[in-house]
Amino acid sequence: MGATEARVQGNPVSELAERFGTPLFVYDTDVLEHTYRELRGVLPESVDIFFSLKANPNISVCAFLGRQGAGAEVSSYVELLTALRAGMAPEDIIFLGPGKDRRELEACVDAGIHAVVCESLEELRQLDELAGRRGADGCRAVLRMNPAFHSKGSGLAMGGKPRQFGIDQEALSRSKGVVSALRHVTVTGLHAYMGTRFLDASDVIRNTEQILAAAEELAGELGIPLETVDFGGGLGVAYFDNETDPDVTALGRGLRAAVEGFHGRHPTCRLIMELGRYLTALAGTYVVKARYVKESMGDWFIVADGGTNHHMAAVGVGSFVKRNFPVRHLTRPDDPVTHRYSLTGPLCTPNDVIAKRVSLPEVRPGDLLGVERSGAYGPTASPGHFLSHGFPAEVLVHRGRATLVREPDSAEELLARQRLVDFGTDT
């Protein structure tokens, strides 16, 4: 490797690749810490940051953000266990999701988390019944509303339209009888999540203003206290050309103005901003090794040892136009750009293209490539078992020390849960 090879906290990427193998995800805690502290520094003190584990459920990533001061937003039984085992305090955990099962609700009650975010009135009734059976009077619930208003600027709208999420605002306003009939659960607030990948701070500010106003109105109609309001967040990061990261200074200034009056009227209310992608994306790099470099009908292809089976987000699912995550030549990043390559993986499908016609220095077999901004929705949103390749290693670099925080799947592990039927001699 040359002297210009890419490094992570002083660690040459080639040494990481040799030690842990490729493909692998590398997470940089310097970036995680900077991202969190920069945002924490501009937000109002009354707003708590909760990390959405769905973006990156690695227990070490969760633990690191918890040590910075983040709470946890979880959406499955295993995510709840992850947050607890990562050291998150139960009072700093909320559980949401439209289809919670009995085991998940029981686990929430037993753990004594800050609140279960109920997404239907039937779920609220079921939680009340379970809390009574488990002797957990005082279990807290927050009602997720599907607002009557719409959001702008989201890459994926989650509210303001017919959705499986939450309870329509109009229906909530008529549910005082259901809330009043609860015996073991106390409804302590409201939640709304308008969408994800907001890049314009003004969209988040406007959503927050509308959610807080709706929460006050509904709390009055339902006769409930406002001890918690989760106004979502959904901050995005710039992946593609002509995109820019959110202006967090403007965001902080706007949110201060948005929550000032509300906080004055409800000084003890806990305001929650839940973020996943924004907190972890910039800290991660998906590292792959070029196996073959080939030309086909005038186009150049890099066939690497990892692809969309580990990083489906880079495909741009849901987008009509294929756009590329930033890709970097890690072996010789400072060499002049000479080619336009399509970076592909080892899968037997033409859709296994991580990046299309990206400009890079010359790539040779054995070179390392990095898909940057890959710390969110990598393994967690990818078909890792396609073609039985399994999920890759994950490595976290902290204070210059690289630690394996997820072992790659082995062949034996992939086969261990399968059972071979003894067909005898009848076939």
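Why is strand β21 (residues 393–398) largely enclosed by the rest of the structure? In this predicted model, five of the six residues of β21 are buried, so the strand is largely enclosed by the rest of the structure. A residue is called buried here when its relative accessible area is under 20%.

## Strand β21 and its partners

β21 pairs with β3 (24–28). The two strands run parallel and are joined by five bridges. Within this pairing, Leu24 stands opposite Ala393 of β21. β21 also pairs with strand β22 (residues 401–406), in the antiparallel sense and again over five bridges. Here His398 has Arg401 of β22 as its bridge partner. Two residues lie between β21 and β22, which together form a hairpin. In the turn of this hairpin, Arg399 has a positive phi of about 50°. As background, the side chains of a regular strand alternate between the two faces of the sheet.

## Helix α2

Helix α2 covers residues 29–42 and has 14 residues. From its first C-alpha to its last it reaches 20 Å, close to the 20 Å expected at 1.5 Å a residue. At the start of α2, the backbone nitrogen of Asp30 has a side-chain oxygen of Asp28 within 2.9 Å. The buried residues of α2 are Thr29, Leu32, Thr35, Tyr36, Leu39 and Val42. The spacing of such positions can be read against a general rule: an α-helix has 3.6 residues a turn, so residues three or four places apart point the same way.

## A pocket and a cavity

The second largest pocket holds about 700 Å³ of space. It is lined by 29 residues, and those closest to its centre are Pro379, His385, Phe391, Arg406 and Asp409. Strand β3 returns here: β3, α4 (77–85) and α12 (411–416) each supply at least two residues of this lining.

The structure also holds two cavities of 30 Å³ or more. The largest cavity contains about 40 Å³ of space. Its lining consists of Met194, Val204, Asn207, Thr208, Phe231, Gly232 and Gly233. Two elements, α9 (201–222) and β13 (228–233), give two or more residues each to the lining of the largest cavity.

The table sets out the composition of the two linings.

| Space | Volume | Nonpolar | Polar | Charged |
|---|---|---|---|---|
| Second largest pocket | about 700 Å³ | 12 residues | 11 residues | six residues |
| Largest cavity | about 40 Å³ | three residues | four residues | no residues |

The lining of the second largest pocket thus includes six charged residues, whereas that of the largest cavity has no charged residues.

Notes: Residues are numbered from 1 along each chain as its sequence is written. This is a predicted model: local features need pLDDT of at least 70, side-chain atom pairs count only at pLDDT 80 or more; totals for chains, interfaces and linings use all residues. Side-chain values use heavy atoms; hydrogens and water are left out. On a 1 Å grid over the protein atoms alone, a cavity is a set of points where a 1.4 Å probe fits but cannot get out, and a pocket is an open set with protein on both sides within 12 Å along at least five of seven lines; lining residues have an atom within 4 Å of a point. Grid points are joined across faces, edges and corners, and a volume is the space filled by probe spheres set on the points. Helices (H or I, at least four residues) and strands (E, at least two) are DSSP runs, numbered from the N terminus. Ala, Val, Leu, Ile, Met, Phe, Trp, Tyr, Cys and Pro count as nonpolar, Asp, Glu, Lys and Arg as charged, and the others, Gly among them, as polar. Buried means under 20% relative accessible area, exposed over 50%, partly exposed in between (1.4 Å probe, protein chains only). Two strands pair if DSSP finds at least two bridges between them. The expected span of a helix is 1.5 Å times one less than its number of residues. A polar contact is a pair of N or O atoms within 3.5 Å; within protein, one must be able to donate a hydrogen and the other to accept it, and residues adjacent in sequence count only if both atoms are side-chain atoms.
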